[in-house]
Amino acid sequence: MSIITNFEKIKQEIKNNSFQNETEIIAVSKTFSIEHIMPLVEHGHKHFGENKVQEAEKKWKELKKSTNDLSLHMIGRLQSNKAKKAVELFDFIHSLDSEKLADELSKRQKEKDRNLGYFIQINLGSEEQKGGLEISELKNFNEYCVNKLNLSVLGLMAIPPNDKNAEKHFKRISELNKEFNFRYLSIGMSNDYLQAVKYGASHVRIGSAIFGTRS
Ligand SMILES: *Cc1c(COP(=O)(O)O)cnc(C)c1O
């Protein structure tokens, strides 16, 4: 099936299953060449996700200049030494999870006169290989980012453990998101986006179901 067919099918499914809010599809284009992604850009889709700064820069820097309203989402782990480039290229960061990174992003966006949107990543299963804060750290960290650094924190992001309990994890993060009165919630990938929508996802991050299997 073509990328456009995949995308339109997912969009319709999400529409049929969402009842509370609009859900934005972030087309996760990591590992795919710009030639492979281009049909979806030409189709008019505006939100794309990448997980590496260098790869994203190669693929998107020029295209962003020549295409109106493209929004790039950084969804992967971000090291603070890449904050400068990330601020230049991305519009949203979904992986905010340390004061050091927040400090650096804040400094860089002031230098560039940019104002990105941020999602605080939560490590729901306390998994060592994944980024994100423990739930217990959220309150202080959010206050630090918002009050001290003036970052536009829009919501939470999570990649739940791969333990077949996606619903349980989505429910938990959705409750947290409400507790903090956040506007957005970034949950749901190719395998579980409809469940995520059910729990109030404002942004789903979908790669392989749109672009095909990654090699
Ligand atoms: C790769 C990736 C996705 C997309 O995964 P698919 O299963 O291909 O939809 C979503 N979120 C993050 C953080 C990712 O790294």
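Begin by selecting Lys30 together with the ligand: in this predicted model, a polar side-chain atom of Lys30 lies 2.7 Å from an oxygen atom of the ligand. Keep the ligand on screen and add Arg205, where a polar side-chain atom is found 2.9 Å from a nitrogen atom of the ligand. Then show the backbone of Ser208 as well, since the contact here is made by a polar backbone atom, which lies 2.8 Å from an oxygen atom of the ligand. With these contacts in view, switch on a surface for the protein, which covers 90% of the 390 Å² of accessible area that the ligand has on its own.

Next, select the whole shell around the ligand, which consists of Val28, Lys30, Ile75, Met157, Ile159, Met189, Ser190, Arg205, Ile206, Gly207, Ser208 and Arg214. Colouring this shell by residue class will show 6 nonpolar, 3 polar and 3 charged residues, and the space that the ligand takes up is the largest pocket.

Now leave the ligand and turn to the aromatic rings, of which the structure holds 4 pairs. Select Phe48 and Trp60, one of these pairs, whose rings are tilted, with 4.8 Å from centre to centre and 40 degrees between the planes. Finally, display the backbone as a cartoon: Phe48 belongs to strand E2 (residues 47–50) and Trp60 to helix H3 (residues 53–66), so the pair ties together parts that are 12 residues apart in sequence.

Technical notes
Residues are numbered from 1 along each chain as its sequence is written. This is a predicted model: local features need pLDDT of at least 70, side-chain atom pairs count only at pLDDT 80 or more; totals for chains, interfaces and linings use all residues. Side-chain values use heavy atoms; hydrogens and water are left out. A residue is near a molecule or strand if one of its heavy atoms lies within 4 Å of it. A polar contact is a pair of N or O atoms within 3.5 Å; within protein, one must be able to donate a hydrogen and the other to accept it, and residues adjacent in sequence count only if both atoms are side-chain atoms. Accessible areas come from the Shrake-Rupley method with a 1.4 Å probe; for residues, only the protein chains shown count as cover. On a 1 Å grid over the protein atoms alone, a cavity is a set of points where a 1.4 Å probe fits but cannot get out, and a pocket is an open set with protein on both sides within 12 Å along at least five of seven lines; lining residues have an atom within 4 Å of a point. A molecule sits in a cavity or pocket if more than half of its atoms lie within 2 Å of its grid points. Ala, Val, Leu, Ile, Met, Phe, Trp, Tyr, Cys and Pro count as nonpolar, Asp, Glu, Lys and Arg as charged, and the others, Gly among them, as polar. Rings of Phe, Tyr and Trp (its six-membered ring) pair if their centres lie within 6.5 Å; planes under 30 degrees apart count as stacked, over 60 as edge-to-face and the rest as tilted. Helices (H or I, at least four residues) and strands (E, at least two) are DSSP runs, numbered from the N terminus.
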